[in-house]
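User: Please give me a close look at one part of this model. Then set that part in the rest of the chain.

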Amino acid sequence: MLLTMRSRLFNPQLSSLCHSLPHSHKSHPSLLAFSASISQGPNSLHASAAKAQRPVALSEAARFVRTVLFLPPGVNPDDVTDDMILPGSNIVLGPYAGDAKIKDVDFVKSSNRPKDCPKDDRPEFAMLGRSNVGKSSLINFLVRKKEVALTSKKPGKTQLINHFLVNKSWYIVDLPGYGFANAPESARMDWSSFTKGYFLNRETLVSVLLLIDGSVPPQKIDLDCANWLGRNNISMTFVFTKCDKMKGGKGRRPDENIRNFLELIKENYRQHPPWIMTSSVTGLGRDELLLHMSQLRNYWNNE
Ligand code: GDP
């Protein structure tokens, strides 16, 4: 059931689209520019996606974008129109999107081992990322409550799997951050034995949200993690954090960092995984990410 579910969350038609991609698609920046230029709010996006519109003529940019899109279940590539693409992402909104509001959130439990996690079959999304990537900020910003994610930051709790129940129907799971940059080797989390078991065995895992700092160039530890998840066919979404750091700073802009990252991991993915730009400072990507999560979750619940 697990493998069937996971593979269903990736539309098989997308793989053929992606295989037709040129090897070095340097025009990728246009994807970002194009997606970011779409101005409709998420509700109008949802409404138009749900209405199953008549296909309309696609712009040049949209035609290219279609080759690198993530198509959720229920969407035919030929029916994709500009306004179905979530701004700042490669994610198409499909007929399963809806109920994206978070009304309440309750901390349920911290588990030492994957087998201690809740066993009630509710769908869940696991948040994973390097220490300091902005995971706590993102969780708090998604649920719009301060300090929800602080549990995992308490001393001694850093290696626990924390379950938060949203709207009494699905879970956000806060996983331990990996790669404490300044810790001695012995103090670093043994990611292999601890978290890999969770990914490989958790039947209710709808998608891993792998958080990547969009304000810095691709880091080896994140690439290793993304490649491992890809090779193991774990359903996942790249959530690029700190995308407000667009100007003035040292180094490259988030869109270049993201493009480089996606280029470096693509060999390990059979089709383009969904990705989205976020900022818990400006609010960028919040509603879009929740809509994306809703369509994966609703599909899961309906199958
Ligand atoms: P965690 O260790 O992954 O839980 O990371 P935190 O949420 O504690 O954030 C680490 C640091 O990054 C803190 O100083 C945050 O203020 C900062 N940070 C988190 N999210 C953002 C963001 O979207 N934009 C910016 N500019 N800084 C952020």
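Analyst: What follows is a walk around helix α6, then out to other parts of the chain.

This is a predicted model, in which local features need pLDDT of at least 70, side-chain atom pairs count only at pLDDT 80 or more, and totals for chains, interfaces and linings use all residues. Residues are numbered from 1 along each chain as its sequence is written, and side-chain values use heavy atoms, with hydrogens and water left out.

Start with the frame. The protein chain has 10 helices and 7 strands; these are DSSP runs numbered from the N terminus (helices H or I, at least four residues; strands E, at least two). Of its 303 residues, 55% are buried, where buried means under 20% relative accessible area, exposed over 50%, and partly exposed in between, with a 1.4 Å probe and protein chains only.

Now α6 itself. The helix spans residues 135-143. It is mostly covered, with 8 of its 9 residues buried. Those buried residues are K135, S136, L138, I139, N140, F141, L142 and V143. In general, an α-helix has 3.6 residues a turn, so residues three or four places apart point the same way.

What covers α6? Its buried residues pack against strands β1 (105-111), β2 (124-129), β4, β5 (205-213) and β6 (236-241), and against helix α10. The chain then leaves the helix with a backbone feature: R144, just after α6, has a positive phi of about 55°.

The helix partner deserves its own look. In general, two packed helices are described by the angle between their axes and the distance between the axes. The axes of α6 and α10 (residues 286-302) come within 10 Å and cross at roughly 80°. Axes here are lines fitted to C-alpha atoms, for helices over the stretch in contact, and angles run from 0 to 180 degrees between N-to-C directions. The two helices are therefore roughly perpendicular (65 to 115 degrees; under 35 is roughly parallel, over 145 roughly antiparallel, the rest oblique).

Which residues touch? L138, F141 and L142 of α6 meet R286, L289 and L290 of α10, with contact meaning heavy atoms within 4.5 Å. By class, the contact residues are 5 nonpolar, no polar and 1 charged. Ala, Val, Leu, Ile, Met, Phe, Trp, Tyr, Cys and Pro count as nonpolar, Asp, Glu, Lys and Arg as charged, and the others, Gly among them, as polar. L138, F141 and L142 are also among the buried residues of α6.

Strand β4, one of the neighbours of α6, leads to a loop of interest. N167 lies between β3 (161-166) and β4 (170-174), and K168 sits in the β3-β4 loop as well. Neither is a glycine, yet N167 has a positive phi of about 50° and K168 one of about 55°. Their cover differs: N167 is buried at 17% relative accessibility, whereas K168 is exposed at 51%.

For a second helix pair, take α8 (residues 220-231) and α9 (residues 254-265). Their axes lie 10 Å apart, at an angle of about 45°. The pair is therefore oblique. D222, L223, A226 and N227 of α8 contact F261, L264 and I265 of α9. That contact divides into 5 nonpolar, 1 polar and 1 charged.

One more buried site lies in helix α7 (residues 191-201), which holds F199. F199 has a relative accessible area of 0%. S235 is 36 residues from F199 in sequence, but the two C-alpha atoms are 9.6 Å apart.
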